[in-house]
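Biologist: I should be grateful for a close look at one part of this structure. Please take a single helix, its packing partner and its surroundings, and set out the criteria as you proceed.

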Amino acid sequence: MTTKMLQFVSVPQKQPDKRAATARRTDFDEIYEDFATPEAAEQASRCSQCGVPFCSVHCPLGNNIPDWLMLTAQGRLEEAYGVSSATNTFPEICGRICPQDRLCEGNCVIEPGFESVTIGAVERYITDTAFEKGWVKPVNPVLERSQSVAIIGAGPAGLAAADQLRAQGYKVHVYDRYDRVGGLLVYGIPGFKLEKHIVARRHQLLEEGGVVFHLGQGIGDGEGELSFADLRSRHDAVLIATGVYKSREIGGPGVGLAGIEKALDYLTASNRRSLGDTLPPEAQALDAAGKNVVVLGGGDTAMDCVRTAIRQGAKSVKCLYRRDKANMPGSAREVKNAEEEGVQFEWLAAPEAFLGDGHVSGVRAVRMKLGLPDATGRQSVEPLEGSSFTLDADLVIKALGFDPEPLPQLWGQKDLAVSRWGTLKVGQKDFMTSLPGVFAAGDIVRGASLVVWAIRDGRDAAASMHAWIQENVTATAKAEQG
């Protein structure tokens, strides 16, 4: 086992072996193989142990990456797991789905020409090994507290907060309208990026640690739902971590034709099918088999859709994106994987109409050109006159991003303040909403973002909730006693 670092000068970068595109097109299994122990140690030894670790600086969680790379290179894997899990609630998930090329690996300071350290794959290897060896244990609070907290949403932000609050000894109750724990980790992200047993084992671990889950429990005033006021009365503090699920729409002639679907509906149907669920009649048509598929958008959700369509046996799969490849918001690694699997990209192209008689049969698009930067600093796009063209399409999937649902209206909480984008307003430091004792974290606050940011927000919100409970609820109880 190597103990020396700075091996990037003699050891080339190596990602874990990737299954051949012809094989991975046929199933929803993860496409990367696991590192063997010698490979993980060798790749970890490439770290330069720089004085200012830009990999950590550009990690939303501030992970101590050089430390656990060095421990991995030295074969001290249990210690490496301890360091990794100290700042990250779910390192095995981040190692699989984080866009490392834009975050830690993209900011590695190894000299040009030697390529960055393979951080994500080593992170995944450390925690997968920890699970295999039995090093990952349920939360075991030193002190059991009398106060209870409610968390609305069992996605990454809610689960990260649940873990932290349970560690503090609180009674933690997680409410989610879906029948499985994980949120978009289960229903939005396909199995070829994150197999569902990875999430399920975290669910089991949290339950073993004493977190109580109320699945299939919506919040609101509808039939079978629990009112927000009632929920709030049952607990000493509440965290809203619902995420954002409202799909952004697109205009234009023919937009109401059958066969034009929302990305999340399509991905949820696919994931449920893979999980063995019986789909309702309206979801059974969300299958790309034998169809010409056009996906609109250029983010990671669009990549999930095109790669899912390939696996479902689509006749053709095209991705229509109005900017060029360099300006695509999705992970460059995901774009490459999609290209290998047979997805065709129409760069600098935008839809202007949907064709068909009752059901979509084509997308009329126009070529675009990049213009001057707009107010955000991003280049604007302009249509090229006379450049229209048509793509055959039996299924069009809109992957244009997500907006928050109108929670104040849905929950009858007119005093729950929102931003002009509809996200919940919270204190910059304490994550508290306009309602005392009600906190919020994750995408419902920052808008559609990365899983790693949701984990960070969930952990930080949990710390604020703990401080608030100790300052307010405990003080009130003492006052009543005295």
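Modeller: The account below concerns helix 7 and its packing against helix 5, followed by some loop residues. This is a predicted model, in which local features need pLDDT of at least 70 and side-chain atom pairs count only at pLDDT 80 or more, while totals for chains, interfaces and linings use all residues. Residues are numbered from 1 along each chain as its sequence is written, and side-chain values use heavy atoms, with hydrogens and water left out.

Helix 7 covers residues 119–133; helices here are DSSP runs (H or I, at least four residues) and strands likewise (E, at least two), numbered from the N terminus. The expected span of a helix is 1.5 Å times one less than its number of residues. For the 15 residues of helix 7 this gives 21 Å, and the end C-alpha atoms are indeed 21 Å apart, so the two values agree. Of these 15 residues, 13 are buried, where buried means under 20% relative accessible area, exposed over 50%, and partly exposed in between (1.4 Å probe, protein chains only). After helix 7 comes G134, with a positive phi near 80 degrees.

Two packed helices are described by the angle between their axes and the distance between the axes. Helix 5 (residues 77–87) packs on helix 7 at about 110 degrees, with the axes 9 Å apart. Helix 5 is therefore roughly perpendicular to helix 7. The axes are lines fitted to C-alpha atoms over the stretch in contact, and angles run from 0 to 180 degrees between N-to-C directions. Angles under 35 degrees count as roughly parallel, over 145 as roughly antiparallel, 65 to 115 as roughly perpendicular and the rest as oblique.

Helix 5 contributes L77, A80, Y81 and S84 to the contact, and helix 7 contributes E123, Y125, I126, T127, T129 and A130; contact means heavy atoms within 4.5 Å. Six of these residues are nonpolar, three polar and one charged. In this scheme Ala, Val, Leu, Ile, Met, Phe, Trp, Tyr, Cys and Pro are nonpolar, Asp, Glu, Lys and Arg are charged, and the others, Gly among them, are polar.

In the loop between helix 6 (91–97) and helix 7 lies E115. Phi of E115 is positive, near 70 degrees, in a residue other than glycine, and E115 is partly exposed at 48% relative accessibility. Q49, in the loop between helix 2 (37–44) and helix 3 (54–57), also has a positive phi, near 50 degrees.
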